[in-house]
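Welcome! Take a moment to look over the sequence and the structure below, and then we can walk through them together.

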Amino acid sequence: MACLSIPHFMEVALSSNDGLHLRDVMHRLNTLRGKGMPYLFSWSSKRSYKNGYVWHDLSEDDIIYPAQRNEYVLKGSELFEGSTDRYQQGLNGKLLNPKHPLDGPPFR
């Protein structure tokens, strides 16, 4: 298991004028760390909440809001083997990560 305990800083180009999206970060990571690398992780961002912070889970199309001022903090949690099925197509260039997974058929 890879564990990065130190912060990593990188510049990310925006794909739209409405803010920073996870897809922008994932595109940059594909360039820096190798195609498919971002799909091996579940992503969340640090957000201010009341007098503290919370981690907000993200999907590829989500906007990332700053933790404070212009500071963006992301965390990638490694996905375990077998939990990557819905991300598998991400390695081929298309991410299957439904925004509302409960919209499908009910669990039995």
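## The surface and the chain overall

The protein chain exposes about 8400 Å², and carbon and sulfur atoms supply 52% of that area. Please keep in mind while reading that this is a predicted model.

How much of the chain is buried? Of the 108 residues in the protein chain, buried ones make up 24%. Contacts also link distant parts of the sequence: among those in the protein chain with a separation of 6 or more, 45% are between residues 24 or more positions apart.

## Helix and strands in order

Which elements would you meet on a walk along the sequence? The protein chain has one helix and three strands, and they follow the pattern α-β-β-β. The helix, α1, spans residues 22-33, while strand β1 covers residues 41-49. Strand β2 runs over 52-57 and strand β3 over 74-78.

## How the sheet is put together

The three strands form an open sheet in the order β2-β1-β3, and their pairing is antiparallel. Strands β2 and β3 are the edge strands, each of them pairing on one side only. From one strand to the next, the twist averages 35°.

Let's look at one of these pairings in detail. Strands β1 and β2 pair in the antiparallel sense over six bridges. If you want a spot to find on the screen, try K46, which stands opposite W55 in β2.

## A buried serine in β1

Now turn to S45, a residue found in strand β1. Is S45 buried or exposed? With a relative accessible area of 1%, S45 falls under the 20% cut-off and therefore counts as buried.

Which residues does S45 touch, leaving aside its neighbours within four places in sequence? S45 is in contact with V54, W55, H56, L58, I64, V73 and L74. W55 has already appeared in this tour, as the residue in β2 that K46 stands opposite.

## The largest nonpolar core

Our last stop is the largest nonpolar core, which has 10 residues. Its members are L20, L22, V25, M26, L29, Y39, F41, W43, L58 and I64. Both α1 and β1 supply at least two residues of this core. Which element gives the most to this core? That is α1, with four residues.

Two members of this core, L58 and I64, may sound familiar: they are also among the residues in contact with S45.

Notes. Residues are numbered from 1 along each chain as its sequence is written. This is a predicted model: local features need pLDDT of at least 70, side-chain atom pairs count only at pLDDT 80 or more; totals for chains, interfaces and linings use all residues. Side-chain values use heavy atoms; hydrogens and water are left out. Buried means under 20% relative accessible area, exposed over 50%, partly exposed in between (1.4 Å probe, protein chains only). Contact means heavy atoms within 4.5 Å. Accessible areas come from the Shrake-Rupley method with a 1.4 Å probe; for residues, only the protein chains shown count as cover. Two strands pair if DSSP finds at least two bridges between them. Axes are lines fitted to C-alpha atoms, for helices over the stretch in contact, and angles run from 0 to 180 degrees between N-to-C directions. A nonpolar core is a set of buried Ala, Val, Leu, Ile, Met, Phe, Trp, Tyr and Cys residues joined through side-chain atoms within 4.5 Å.
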